[in-house]
Structures are given as structure tokens and as C-alpha cells.
Amino acid sequence: MQIKTMAEYFANGETPEVLFWVGCAGSFDQRAQKITRAFAEILDKTGIRFAILGKEEACTGDPARRAGNEFLFQMMAYNNIQVLNNYGVKKIVTACPHCFNTIRNEYPELGGQYEVIHHTTFLQQLIDEGRIKIKEGGSFKGKKITYHDSCYLGRANNIYEAPRAVLETLDADLVEMKRCKSNGLCCGAGGAQMFKEEEKGTTRVNFERGREAVATGASVIAANCPFCMTMLTDGVKEAGKEEEVKVLDIAEIIAADMQ
């Protein structure tokens, strides 16, 4: 599958329907690269004309701002905004809630005004429009799936129903964790915690969340964030359940059962 860059579209005088913002994890983390591929395959199959920035995409600056380096954040943000505005980008979709939150809520005050959509909301729209059809009796038929609300999609942006609506199209049993939606528990990686050791405590946050997910009896934990993916995978390993319980992004789940 060949994915065109914004530069290639621009050189031909064309405009894609949407820019896919891949993000740092989706570009460089081996596990998150699978999510990127799965989502790109869905876009390709549904005939969406999409582009990526490729080497012109830089980190949104989210970890820098969360860690308190405002100068670095603004420098990175201004650079990205300049690139996006030069191409006349209007609509952005991303599989990372951190990128989503930053570009949607923090770039406007610096001159970056875009329609920003998280990939779970985009998938729901494609399902509602009939552009994505799910196989009957697919690989998740009869399986128990529990969904983890990431902080930057849930509490920060109040998006709870779109990911669940996507999962409900599967012939599976959706079970909730005790702490879910606005009461959901963080995976432990938000606020730049992904890049530092945690403070002293009785347990790691992701171990606690992993145990909660395993306790539902689900064989699949559905995630919507590459950071959550890493933390929950480690949490499931700590619970000794890595053989029985798989952590998958919603895009991977849909790509596997798409007609």
C-alpha cells in the first residue's frame, strides 16, 4: 500500500479529504506501528483520499508542555502549524488522543484552526455511512471485550460513546470495568509520565488497571491510545494473563473483521 504525502498531493495541485496525523508513537514504536497500518488499511479500503506529512511531521509538543517546558512546546507547535497552514490543511484524523487533544484544543490559540477527529469517532462515522461493513460471525464473535477510556479522549474531551458504538457493531459481548467513562482509571502514562519513572507508591497505576481489566473476564482489552496500549500490555503481563488476554486498538479490531 502506497500512502501519498501532503507534498505529493500539493505538487499535483490536489487536496486530500483528510490528513492522517500519525504521531510519534505511531511512527516509531513497533507495537503502535501496527495500529497505524491497520487504520491506514481501513482508510484505503473505504476509498478515503488521505495523506500523511511524512518527514515533515514533528511531535505536537504535548509531552514538553505536560513536563513544564512551555518554550519547547510553543516552538514545536509553531513549526507544525506553519507546515499545516502552508498546505491549507482543514481536516485532521489521528489515532493518538494526546495529538488529538493538543491539535484540537491547544493549537487554535497559536494560529492552528483545524477540524480534528479521533480515529474512533472517524470509524463510527464511516460505519454510520455504510462505508465500513463488519463480517457476520467474525473473529470476535461471542468474545468478551472490555474497553479502556483513555484520559485525553474521555475526561479531557468527553468522548465516551463513539468507541463503544464501534465495538457494538461486532458480534461480541462488551463488558465494562468497575471504573469506566468519567470515573475511568488512568493507564499511568498521561501527563508525560510515559517518559519518567513513577513516584513511590504501593503499586504501579498500569498494574492496578491491568488487574481491573483482567477481572472482567474479557479476552480482549480494547484501547484507543498507543500509550494506553503499552501500559495495559505491561499490566496484563504483570497479572500473568498475556496468553489469555490480548490488548488491541479499536482500529486493529475493525480491520480484522471488515468485509
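Which residues make the nonpolar surface patch of about 310 Å²? The legends below, which refer to a predicted model, begin with this patch.

**View 1. The nonpolar surface patch of Phe-71, Leu-72 and Met-75.** Together, these three residues make a patch of about 310 Å² on the surface. One of them, Phe-71, belongs to helix α5, which comprises residues 70-86. The relative accessible area of Phe-71 is 65%; because exposed residues are those over 50%, Phe-71 is classed as exposed.

**View 2. The span of residues 18-104, annotated in UniProt as part of a "Cysteine-rich" domain feature.** The unreviewed UniProt entry places this feature at residues 18-104 and also at residues 145-232. In the model, residues 18-104 are 60% helix and 11% strand. A separation of 15 Å lies between the end C-alpha atoms of this span.

**View 3. The open, four-stranded sheet with parallel pairing.** The strands follow the order β6-β5-β7-β8. Strands β6 (173-175) and β8 (246-249) occupy the edges. Each edge strand has a single partner strand, so one side of each is left without a neighbour in the sheet. From one strand to the next, the twist averages 35°.

**View 4. The pairing of strands β7 and β8.** Strand β7 consists of residues 220-223 and is joined to β8 by four bridges in the parallel sense. Ile-221 has Val-247, in β8, as its bridge partner. Strand β8 is also an edge strand of the sheet shown in View 3.

How values were computed
Residues are numbered from 1 along each chain as its sequence is written. This is a predicted model: local features need pLDDT of at least 70, side-chain atom pairs count only at pLDDT 80 or more; totals for chains, interfaces and linings use all residues. Side-chain values use heavy atoms; hydrogens and water are left out. Patches are made of residues with over 30% relative accessible area and no salt bridge: like charges are joined within 9 Å, nonpolar side chains (Val, Leu, Ile, Met, Phe, Trp, Tyr) within 5 Å. Accessible areas come from the Shrake-Rupley method with a 1.4 Å probe; for residues, only the protein chains shown count as cover. A salt bridge is a side-chain nitrogen of Lys or Arg within 4 Å of a carboxyl oxygen of Asp or Glu. Helices (H or I, at least four residues) and strands (E, at least two) are DSSP runs, numbered from the N terminus. Buried means under 20% relative accessible area, exposed over 50%, partly exposed in between (1.4 Å probe, protein chains only). UniProt positions are given in the numbering used here, feature names are shortened, and annotations may be inferred rather than shown by experiment. Two strands pair if DSSP finds at least two bridges between them. Axes are lines fitted to C-alpha atoms, for helices over the stretch in contact, and angles run from 0 to 180 degrees between N-to-C directions.
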